[in-house]
Amino acid sequence: MQAVGIVKRFPGVIANDHVNFSLRQGEIHAILGENGAGKTTLMNILYGLYHPDEGEIYIRGQPVEVRSPSDAIRLGIGMVHQHFMLVPVFTVAENIILGQEIRRGPFLDLRRAVEEVRSLSQRYGLEVDPEALVKDLPVGVQQRVEILKALYRKANLLILDEPTAVLTPQETEELFRVMRHLQRQGVSIIFITHKLKEVMAVADRITVLRNGRVVGTLTPQEADEAHLAAMMVGREVVLTVEKAPARPGLEVLRVEDLWVRDDRGAMVVNGVSFSVRAGEILGIAGVQGNGQTELIEALVGLRPAVSGRVFLHGEEITLQPPRSRTERGMAHIPEDRHKHGLVLPYPVADNLVLNTYYQPPFARGIQRQPQAVLQHARQLIALYDIRTPNPYTPARSLSGGNQQKVIAARELSRPIRLLVANQPTRGLDVGATEYIHRKIVEMRDQGVAVLLVSTELDEIFSLADRIAVMYRGRIVAMADRTEASLQQVGLWMAGVIPTGALPIGEPSERV
């Protein structure tokens, strides 16, 4: 497959500027680039979701027009989107055959569909139960269903758009195993990402995009992570976090015996206690789904605690609403930027003052000061390199990484005493990640207490001064960063608990 001279313009932006790209049979070709570099736009053109303003697409040497996803599927192109397109209440088999149902006369033949999906999953090494409900499956298994959906439609060219953005390290390794298995079966794969380690681990060739243009195509043997990062950003990038030893001060956050339920009523935070002091970063590591989300929601006031107490600078805030916590100096970078971080239809400028819009200089009494809001937005857009045509652009129009920058800019640009950062660099490229990491360390050095939650062990080890590990809703281990190793923390995350740690078992029921 070849894309030649692809141009795509949006108002105020050239997303793809005469892009040339080729994919060989049975190749894993990674497309690497910053947020807003044009990666997803190019893939949406190849899959028929966008139409190019200029350029040609060739498959097996023949020019083709891809006017819709139906055209792409007919040409053997499948795409797995970053946000899965599955019906949660349907089974795996029902999701896979949706739109291409297997029938016996006028009736749906679900038994045969289950058999075909089971056979397909075994053939491609994508083990999954065809009769399981999608809503009950872990994220990594849901991704397998998406891949099977494309293979069921006889795709021999698979586009994976940021496929590891929502996966744990273990699920990422499993995805790479699947990709190599598909490659051996003759499937060609386009792998879109901004994670350098993943590219070096799995790609045969790497094409780097910057500002909508191709800046180079090379193999992993021809480059290292630093070189690729410089190609992406256009400057040298510091891949390791430089920070002085912590100088912890007074206790800022104290959590005592906290118990929290999830949305289904199950107890998922089981008697958690810890503290964070001024001038230090406490990193909470753990595989996604071990209670971290509910713990953070309880700390910032988005979820009620069943029992236990939370103190900020010695004052109990367990029952206080989010605004009260914000006004007392708590900042929150949420895990789900769409649900808890942004009002998507609002302009970027308004999203940058969501928690201070009623305070001077953005308001005078009940009267809003739009000029102050606009000036503030322009400063933060420049400072945080938020790629937006203008401050009035709706937040939903930005790429995921730029949406995350808006949240970080809003939370880190005001006076704060405690920063609660949950997956702060999820979906960010190396340049933006470098900047956010530097700002978090700056906050620490200015005396802010930082609670960092991340499924990325590299991020925990780069930033944290102390490391806590959550497993089945408990803090099962706590260690100084200098005394812990990646292997040791990985074992704790898997439930291999050191002597003297909290016992693991079924959580006690609290009412």
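Here are some short exercises with worked solutions on the predicted model shown above.

**Exercise 1: The six-stranded sheet**

Work out in which order the six strands of the open sheet lie, and which strands sit at the edges.

*Solution.*
Step 1. Start with the general idea: strands of a sheet pair through backbone hydrogen bonds, either parallel or antiparallel.
Step 2. Now trace the open sheet from one side to the other: the order is β18-β21-β22-β15-β23-β24, and the pairing is mixed.
Step 3. Look at the two ends: β18 (330–333) and β24 (474–480) are the edge strands, each pairing on one side only.
Step 4. Finish with the angle: on average, neighbouring strands of this sheet are turned by 15° against each other, direction ignored.

**Exercise 2: One end of that sheet**

Describe how β23 and β24 pair, and find the helix that lies across them.

*Solution.*
Step 1. Strand β23 covers residues 466–471, and six bridges link β23 to β24 in the antiparallel sense.
Step 2. Pick out a single pair: methionine 470 has isoleucine 475 in β24 as its bridge partner.
Step 3. Now add the helix: α17, residues 486–493, lies across β15 (281–285), β23 and β24. Its direction makes an angle of about 30° with β23.

**Exercise 3: A residue in strand β22**

Decide whether leucine 451 is buried or exposed, and list what leucine 451 touches.

*Solution.*
Step 1. Locate the residue: leucine 451 belongs to strand β22, residues 449–454.
Step 2. Apply the cut-off: leucine 451 counts as buried because its relative accessibility is 0%, and buried means under 20%.
Step 3. Check the contacts: leaving out residues up to four places away in sequence, leucine 451 touches Leu253, Phe274, Val276, Leu282, Ile284, Ile296, Leu299, Leu419, Val420 and Ala421.
Step 4. For a sense of scale, compare leucine 451 with valine 117: they are 334 residues apart in sequence and 44 Å apart in space, C-alpha to C-alpha.

**Exercise 4: Strands β1, β4 and β5**

Find the strands that pair with β4, and look at the turn between β4 and β5.

*Solution.*
Step 1. Begin with β1 (residues 2–10): this strand pairs with β4 (residues 54–59) in the antiparallel sense, over four bridges. Valine 7 has glutamate 54 in β4 as its bridge partner.
Step 2. Move on to β5 (residues 62–64): β4 and β5 run antiparallel and are joined by three bridges. Here isoleucine 57 stands opposite valine 64.
Step 3. Look at the turn: the hairpin of β4 and β5 has two residues between the strands, and arginine 60 takes a positive phi near 50° there.

**Exercise 5: Covered helix, nonpolar patch**

State how many residues of helix α1 are buried, then find which residues form a nonpolar patch on the surface.

*Solution.*
Step 1. Helix α1 spans residues 39–46 and is mostly covered, with seven of its eight residues buried.
Step 2. Name them: Lys39, Thr41, Leu42, Met43, Asn44, Ile45 and Leu46.
Step 3. After α1 comes glycine 48, with a positive phi near 85°.
Step 4. Turn to the surface: Phe10, Val13, Leu49 and Tyr50 make up a nonpolar patch, and together they have about 300 Å² of accessible area.
Step 5. Take one member: valine 13 lies in strand β2 (residues 13–22), and its relative accessibility of 36% is why valine 13 counts as partly exposed.

**Exercise 6: Unusual backbone angles**

Find where aspartate 257 and histidine 313 lie, and which prolines a cis peptide bond joins.

*Solution.*
Step 1. Recall the general rule: most residues other than glycine have a negative phi, and most peptide bonds are trans.
Step 2. Aspartate 257 is in strand β13 (residues 251–261) and has a positive phi of about 45° although it is not a glycine. With 33% relative accessibility, aspartate 257 counts as partly exposed.
Step 3. Histidine 313 lies in the loop between β16 (307–312) and β17 (315–316), and its phi is positive, near 55°. Histidine 313 is partly exposed, with a relative accessible area of 35%.
Step 4. For the peptide bond, go to proline 360 and proline 361: a cis bond joins them, with omega about 5°. Proline 361 lies in the loop between α12 (348–351) and β19 (363–364).

Technical notes. Residues numbered from 1 in each chain as written. Predicted model: local features only at pLDDT ≥ 70, side-chain atom pairs only at ≥ 80, totals over all residues. Heavy atoms only, no water. Patch = residues over 30% accessible without salt bridge, like charges linked within 9 Å, V, L, I, M, F, W, Y side chains within 5 Å. Areas by Shrake-Rupley, 256 points an atom, 1.4 Å probe, with all protein chains shown as cover. Salt bridge = Lys/Arg side-chain N within 4 Å of Asp/Glu carboxyl O. Buried < 20%, exposed > 50% of the residue type's maximum accessible area, 1.4 Å probe, protein only. Pairing = 2+ DSSP bridges. Axes fitted to C-alpha atoms, helices over the stretch in contact; angles between N-to-C directions. Contact = heavy atoms within 4.5 Å.
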